[in-house]
Amino acid sequence: MKRRNPDHEIVIHERNPAGTTHGWGVVFWDDLLTTLRSNDPVSAQAIADQAVPWSGQVVDVEGQAPIYDAGGGYGICRRRLLQILVERAIALGVEVRFESEIRELDQIADADLIVAADGVASQLRRHRADRFRPQIEAGRNKYIWLATTRPFPSFTFGFVPTSAGWVWFHAYSFKEGASTFIVECAPETWNGLGLGTMRADDELRTLEGLFAQHLDGHELIRRDGQGDTLPWLSFRTLVNRRWHADNVVLIGDAAHTTHFTIGSGTRLAIDDAIALASALGEHDSLPRALNAFNHRRRRALARLQRDARLSAEWFENLPRYIRYSAPTFFTLLLARRSRLLKRMPARTYLYLRGHYTRLTGRTASPPARIGGPGRPFGSKANRDLSGAEPGMPRR
């Protein structure tokens with residue numbers, strides 16, 4: 001908005017101190033850089049300069065040879081990303097106030113427009129809850145955001161069997177010598193292993209032992225200042241009936257959440273901000289601008305929200321798929337956003353997928369990466385899998 005019209009008076013109220021953030025790295029693809037370049041080339045270039053590229057995807061099921069897939073994307077330190085955006089905003093004349101939390105709308109009663117980007121538990125959203133009509137649904141699985149000193153040059157899914165069930169991780173590099181390491185498991189496994197009941201350091205050592213083969217001697221790291229226990233979470237899927245009420249508009253996780261297994265949260269928040277700025281510039285009244293923004297973004301998000309739900313449900317039903325051989329399991333992992341896969345046995349899905357390929361000469365193309373648009377199957381990991389038969393089920 002400031003680039004479009006320097007006369008706008010814009011104040012950002014950030015509740016945290018400068019340099020504070022939650023999480024470790026952010027994963028993204030070329031589409032985010034393309035969008036940023038068309039809206040603010042300076043910040044796009046700064047982000048590109050600081051990003052760490054990763055190449056391909058790896059599925060590593062303990063006891064079987066890892067499977068590799070083509071493709072690639074980027075990781076960037078979340079703290080560095082925020083620093084780039086803050087510095088750019090200040091350079092353009094935006095006022096940024098740290099340690100300035102807005103809990104009540106009358107704190108900023110003189111604002112023409114209030115943009116609430118205060119997360120899934122938004123304080124501002126509750127003031128218009130009867131208009132926004134939020135619905136929050138907690139997922140089954142437990143997960144935690146950690147980091148590790150081990151670099152992961154590819155986006156890696158690692159799966160480990162335990163006496164209480166499967167535990168797995170999602171990992172990718174976000175800066176030199178550091179990777180995001182998200183651990184996830186079913187609640188029954190979490191309880192069976194006693195996770196969430198140990199002191200934080202003991203629990204980290206337990207997880208390091210479970211993933212010793214994958215960590216190769218590197219340690220797991222938690223954020224400072226989190227207390228004596230690790231902050232395990234259940235993912236909260238949020239939808240709102242509408243995203244604006246009067247002069248309050250929601251963006252990012254305050255408006256919607258998409259499960260971390262499709263890796264789109266930060267990109268969607270940035271897309272929301274760009275779409276809102278565009279709508280405000282295109283319309284001569286605030287109600288028309290907010291209606292246009294609401295319509296545009298809800299349509300854009302419909303498919304991604306569905307994909308995110310299917311992806312989350314796939315991991316919640318992991319035993320249904322991981323009993324197959326690693327190559328077949330990888331095929332099913334890449335197809336996790338398929339509505340057909342959810343509705344039929346995995347063996348039937350694989351048969352129909354192979355039959356489609358034989359009939360048409362084309363490979364079925366459900367989305368094949370953790371976030372963003374799909375692409376046809378045809379990589380090294382999948383060329384010979386269109387008619388793959390499942391291996392013997394695991395015990």
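This is a conversation between a visitor and a guide about reading a predicted protein model.

Visitor: How should I read the confidence of this model, and what is its average pLDDT?

Guide: The score called pLDDT is the predictor's confidence in each residue, from 0 to 100. The protein averages a pLDDT of 90, and 91% of the residues score at least 70. Over residues 365-395 the pLDDT is below 50, although this stretch has 91 contacts in the model beyond near neighbours in sequence, a contact being heavy atoms within 4.5 Å. Where pLDDT is low, the predicted coordinates should not be read in detail. As the model is predicted, local features need pLDDT of at least 70 and side-chain atom pairs count only at pLDDT 80 or more, whereas totals for chains, interfaces and linings use all residues. Residues are numbered from 1 along each chain as its sequence is written, and side-chain values use heavy atoms, with hydrogens and water left out.

Visitor: How do I read a sheet, and what is the order of the eight strands in the open sheet?

Guide: Strands of a sheet pair through backbone hydrogen bonds, either parallel or antiparallel. Here, helices (H or I, at least four residues) and strands (E, at least two) are DSSP runs, numbered from the N terminus, and two strands pair if DSSP finds at least two bridges between them. The open sheet of eight strands has the order E2-E4-E3-E9-E10-E11-E8-E12, with mixed pairing. Strand E2 (25-28) and strand E12 (220-221) stand at the edges, each with a single partner strand, so one side of each is left without a neighbour in the sheet.

Visitor: Which residues of E2 point one way and which the other?

Guide: In a regular strand the side chains alternate between the two faces of the sheet. In E2, Gly25 and Val27 point one way while Val26 and Phe28 point the other way, and all are buried, where buried means under 20% relative accessible area, exposed over 50%, and partly exposed in between (1.4 Å probe, protein chains only). E2 runs antiparallel to E4, to which four bridges join it, and valine 27 has glycine 75 as its bridge partner in E4.

Visitor: Where in the strand order should I look for hairpins, and how many residues join E9 to E10?

Guide: A hairpin joins E9 to E10 through two residues, and seven bridges hold strand E9 (residues 155-162) to E10 in an antiparallel arrangement; one pairing sets phenylalanine 159 against tryptophan 168. E10 and E11 likewise pair in the antiparallel sense, over eight bridges, and in their hairpin, which has two residues between the strands, glycine 177 takes a positive phi near 75 degrees. Nine of the eleven residues of strand E10 (residues 165-175) are buried, so E10 is largely enclosed by the rest of the structure. On its side, strand E11 (residues 178-185) is joined to strand E8 (residues 142-148) by seven antiparallel bridges. Valine 183 of E11 is the bridge partner of isoleucine 144 and also that of phenylalanine 169.

Visitor: How do I describe two packed helices, and at what angle do H11 and H13 cross?

Guide: Two packed helices are described by the angle between their axes and the distance between the axes. Axes are lines fitted to C-alpha atoms, for helices over the stretch in contact, and angles run from 0 to 180 degrees between N-to-C directions. The axes of H11 and helix H13 (residues 346-360) come within 11 Å and cross at roughly 80 degrees. H11 and H13 are therefore roughly perpendicular to each other, since angles under 35 degrees count as roughly parallel, over 145 as roughly antiparallel, 65 to 115 as roughly perpendicular and the rest as oblique. Thr328, Thr331 and Leu332 of H11 make the contact with Ala346, Tyr349, Leu350 and Arg353 of H13. Eight of the nine residues of helix H11 (residues 326-334) are buried, so H11 is largely enclosed by the rest of the structure.

Visitor: Which residues outside glycine have a positive phi, and are they buried or exposed?

Guide: Among them is glutamate 99, whose phi is about 50 degrees; this residue lies in the loop between strand E5 (95-98) and E6 and is exposed, with a relative accessible area of 62%. Aspartate 216 also has a positive phi of about 50 degrees although it is not a glycine, sits in the loop between helix H7 (212-215) and E12, and counts as exposed at 60% relative accessibility.
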